[in-house]
Amino acid sequence: MPKKFHKEAPNGYPVCLHDDCPRAATCLHQLAYQPLQERIPILHLLNPRQCTKDGQCPHYRDSAPVRYARGFTGMQKRMYPGQYDIFMATLVLQFGRNPYFERRKGERPLSPHEQKIVRRALRKAGVTEDLDFDSYEESIPWTE
């Protein structure tokens, strides 16, 4: 599985100042602070009073890579036309028409949450077989 690490935090990513937090070494908000501080003039800061240093911070975001899926055109080939109609209608209602096709073709990666949505749509359409996505990749979850 390819790894697609975006080591650079996106501009505008909220940062945390608490480098003494017990979870700072694995929190994206703290890990993004130093690189963004050197790269951009204006930082988006999480409110330091709302961040806790007890290991239960509500803003904690794990820096571990996540398994994203790309595309599900192969699923369509394994469904009956009536099943695909239900599957597609369900997902178009969920994502919208253009975003559905972007995800189907693999132009937009599917987060683990979106993968569950696709799998629920398969079950709703009556597909009992366990179908795989077209490809998978690991990436840092900056936006989730």
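Leucine 36 touches Ala9, Pro10, Asn11, Tyr13, Val15 and Leu43, leaving out residues up to four places away in sequence; a contact here means heavy atoms within 4.5 Å. This leucine sits in helix 2 (residues 33-39), where helices (H or I, at least four residues) and strands (E, at least two) are DSSP runs, numbered from the N terminus. The structure is a predicted model, in which local features need pLDDT of at least 70 and side-chain atom pairs count only at pLDDT 80 or more, while totals for chains, interfaces and linings use all residues. Residues are numbered from 1 along each chain as its sequence is written, and side-chain values use heavy atoms, with hydrogens and water left out.

Is leucine 36 buried or exposed? With a relative accessibility of 0%, leucine 36 counts as buried, since buried means under 20% relative accessible area, exposed over 50%, and partly exposed in between (1.4 Å probe, protein chains only). The C-alpha atom of leucine 36 is separated by 46 Å from that of valine 127, and the two residues are 91 places apart along the chain.

The nonpolar cores come next. A nonpolar core is a set of buried Ala, Val, Leu, Ile, Met, Phe, Trp, Tyr and Cys residues joined through side-chain atoms within 4.5 Å. In soluble globular proteins, nonpolar side chains tend to be buried together. The largest core in this model has 20 residues, and those with the most contacts inside it are Phe72, Met75, Phe87, Leu91, Val118 and Phe133. Two or more residues come to this core from each of helix 4 (81-95) and helix 6 (112-124), and helix 4 gives the most, with five residues. Apart from this core lies another, of nine residues, among them Val15, Leu36, Ile140 and Trp142.

Phenylalanine 133 shows what surrounds one member of the largest core. Neighbours within four places in sequence aside, phenylalanine 133 is in contact with Ala69, Arg70, Gly71, Phe72, Met75, Leu110, Gln115, Val118 and Arg119. One of these partners, leucine 110, lies in the loop between helix 5 and helix 6 and is buried, with a relative accessible area of 0%. Beyond four places in sequence, leucine 110 touches Tyr68, Ala69, Gly71, Phe72, Arg103, Gln115, Val118 and Phe133. Leucine 110 and arginine 67 are 43 residues apart in sequence, and their C-alpha atoms are 8.9 Å apart in space.

Serine 111 is found in the loop between helix 5 (97-105) and helix 6. Its relative accessible area is 4%, so serine 111 is buried. Its contacts, sequence neighbours within four places aside, are Tyr68 and Glu144. Arginine 103 belongs to helix 5 and counts as buried because its relative accessibility is 6%. Outside its neighbours within four places in sequence, arginine 103 is in contact with Gly71, Phe72, Phe95, Arg108, Leu110 and Glu114.

Glutamine 76, in helix 3 (residues 73-77), is partly exposed, with a relative accessibility of 30%. Apart from neighbours within four places in sequence, glutamine 76 is in contact with Tyr84 and Arg104. From C-alpha to C-alpha, glutamine 76 and leucine 45 are 44 Å apart, with their places 31 residues apart in sequence. Isoleucine 140 lies in the segment after strand 4 (135-139) and counts as buried at 16% relative accessibility. Isoleucine 140 and glutamine 76 are 64 residues apart in sequence and 28 Å apart in space, C-alpha to C-alpha.

How many cavities of 30 Å³ or more does a search of the whole structure find? The search finds one. On a 1 Å grid over the protein atoms alone, a cavity is a set of points where a 1.4 Å probe fits but cannot get out, and lining residues have an atom within 4 Å of a point. The largest cavity has a volume of about 100 Å³, a volume being the space filled by probe spheres set on the points, which are joined across faces, edges and corners. Of the 14 residues that line the largest cavity, the closest to its centre are Cys16, Cys21, Cys27, Thr52 and Cys57.How many disulfides does the structure hold? The structure holds zero disulfides, a disulfide being a pair of cysteine sulfur atoms within 2.5 Å. The sulfur of cysteine 21 is 6.3 Å from the closest cysteine sulfur, in cysteine 57, which is too far for a bond.

Technical notes. 1 Å grid on protein atoms, 1.4 Å probe; cavity = no way out; pocket = protein on both sides within 12 Å on 5 of 7 lines; lining within 4 Å.
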